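Trainee: I would like to take a close look at a single part of this protein chain and follow how it connects to what lies around it. Could you walk me through one helix with care?

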Amino acid sequence: MLFASPLYGVFLFVTYVAFWALRRRSILRPLFLTAASYLFYFVGTYDAAVDQEVPLGPLGWTLLCVAIIFVGSSLDFYVGRMLGRTENPHARRALLLISVVYYLGVLSVFKYFNFRGRLVRRGDELGRRQRLATHLRLVLPFGISFFTFETMSYTIDVYRREIPPADRYLDYLLFVCFFPHLVAGPIVRPKSMLPQLAAEPARPTR
């Protein structure tokens, strides 16, 4: 779903209208925006995967990518909550490590893995060695760098006690997947974004 496509224009218009219709609904508003953001993420990833030879097929691969962002968001929300309740320095470092390892592991596999594969050597009858290249065909999840560093900045800020843990699960899910900046950025800091998502939006003024 490209930003310049007619489909995105329809999606943005419907989302905008529904958002203002739900602006006083503290649960339905973030729930709707989260669902809309995941839909945007799903369609964008599927469009990128449909023309590629990806593991699990385009649909399965897209669902895997959606699961990665959902699981990571859920993990960091609960890691943040536990960091807010834990005083033991060893436990706090272990919790931070869980978040960092998850996201850096995901980022390493998808973005920095040598897609041309490792070389497998085998000898032939003459003792010569041939190199067989294996190819791992992976379509990058939309905005993987953006949501990786945003979520890591959240857990690091909570670990440093620069911000309190997010109060509501829905607000944190929305912070990570919010579609206007999910693909093209910018990377936003949780201390500025989370309060805005939790507050009832004011009507625009002239």
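Mentor: What follows is one connected account that starts with the whole chain and then stays with the third helix and its partners.

Please keep in mind that this is a predicted model. The chain contains eight helices and two strands, and along the sequence these elements come in the order α-α-α-α-β-β-α-α-α-α. Of its 206 residues, 42% count as buried. Among the contacts in the chain with a separation of 6 or more, 67% are made by residues 24 or more positions apart, and helix α3 gives us several examples of links between distant parts of the sequence.

Let us begin with the interior. In soluble globular proteins, nonpolar side chains tend to be buried together. Here the largest nonpolar core has 40 residues, and the ones with the most contacts inside it are Ile69, Phe147, Tyr154, Tyr172 and Phe175. At least two residues of this core come from each of α1, α2, α3, α4, α5, α6 and α8, with α3 giving the largest share, eight residues. Apart from it there is a second core of five residues, which includes Tyr8, Phe11, Ala36 and Phe179.

Now consider the aromatic rings, of which the structure holds 17 pairs. One of these pairs joins Tyr38 and Phe70, whose ring centres are 6.5 Å apart and whose planes stand at 65 degrees; because an angle over 60 degrees counts as edge-to-face, that is the name this pair receives. Tyr38 belongs to helix α2, which covers residues 28-49, while Phe70 belongs to helix α3, which covers residues 57-85, so the pair ties together parts that are 32 residues apart in sequence. The two partners can also be described by their exposure: Tyr38 has a relative accessibility of 15% and counts as buried, whereas Phe70, with a relative accessible area of 37%, is partly exposed. Elsewhere, one aromatic cluster is formed by Phe77, Tyr78, Tyr154, Tyr169, Tyr172 and Phe175, and Tyr154, Tyr172 and Phe175 are also listed among the residues with the most contacts inside the largest core.

Charged side chains give helix α3 another link. The structure holds four salt bridges, and one of them joins Arg81 to Asp167, with the closest N and O atoms 3.9 Å apart. Arg81 sits in helix α3 and Asp167 in the loop between α5 and α6, so that this pair links distant parts of the chain, 86 residues apart. Arg81 is partly exposed, at a relative accessible area of 29%, while Asp167 is exposed, at 68%.

The loop that follows helix α3 deserves a look as well. Glu87, in the loop between α3 and α4, meets Arg161, in the loop between α5 and α6, and the pair therefore ties together parts that are 74 residues apart in sequence. Their side chains form a salt bridge with an N to O distance of 3.1 Å. Glu87 is exposed, with a relative accessible area of 59%, and Arg161 is partly exposed at 45%.

To bring this together, helix α3 supplies eight residues to the largest core, pairs through Phe70 with a ring in helix α2, and reaches through Arg81 to the loop between α5 and α6.

Note on methods
Residues numbered from 1 in each chain as written. Predicted model: local features only at pLDDT ≥ 70, side-chain atom pairs only at ≥ 80, totals over all residues. Heavy atoms only, no water. Phe/Tyr/Trp six-rings, centres within 6.5 Å; stacked < 30°, edge-to-face > 60°. Helix = DSSP H or I, 4+ residues; strand = E, 2+ residues; numbered from the N terminus. Buried < 20%, exposed > 50% of the residue type's maximum accessible area, 1.4 Å probe, protein only. Contact = heavy atoms within 4.5 Å. Core = buried A, V, L, I, M, F, W, Y, C linked by side-chain atoms within 4.5 Å.
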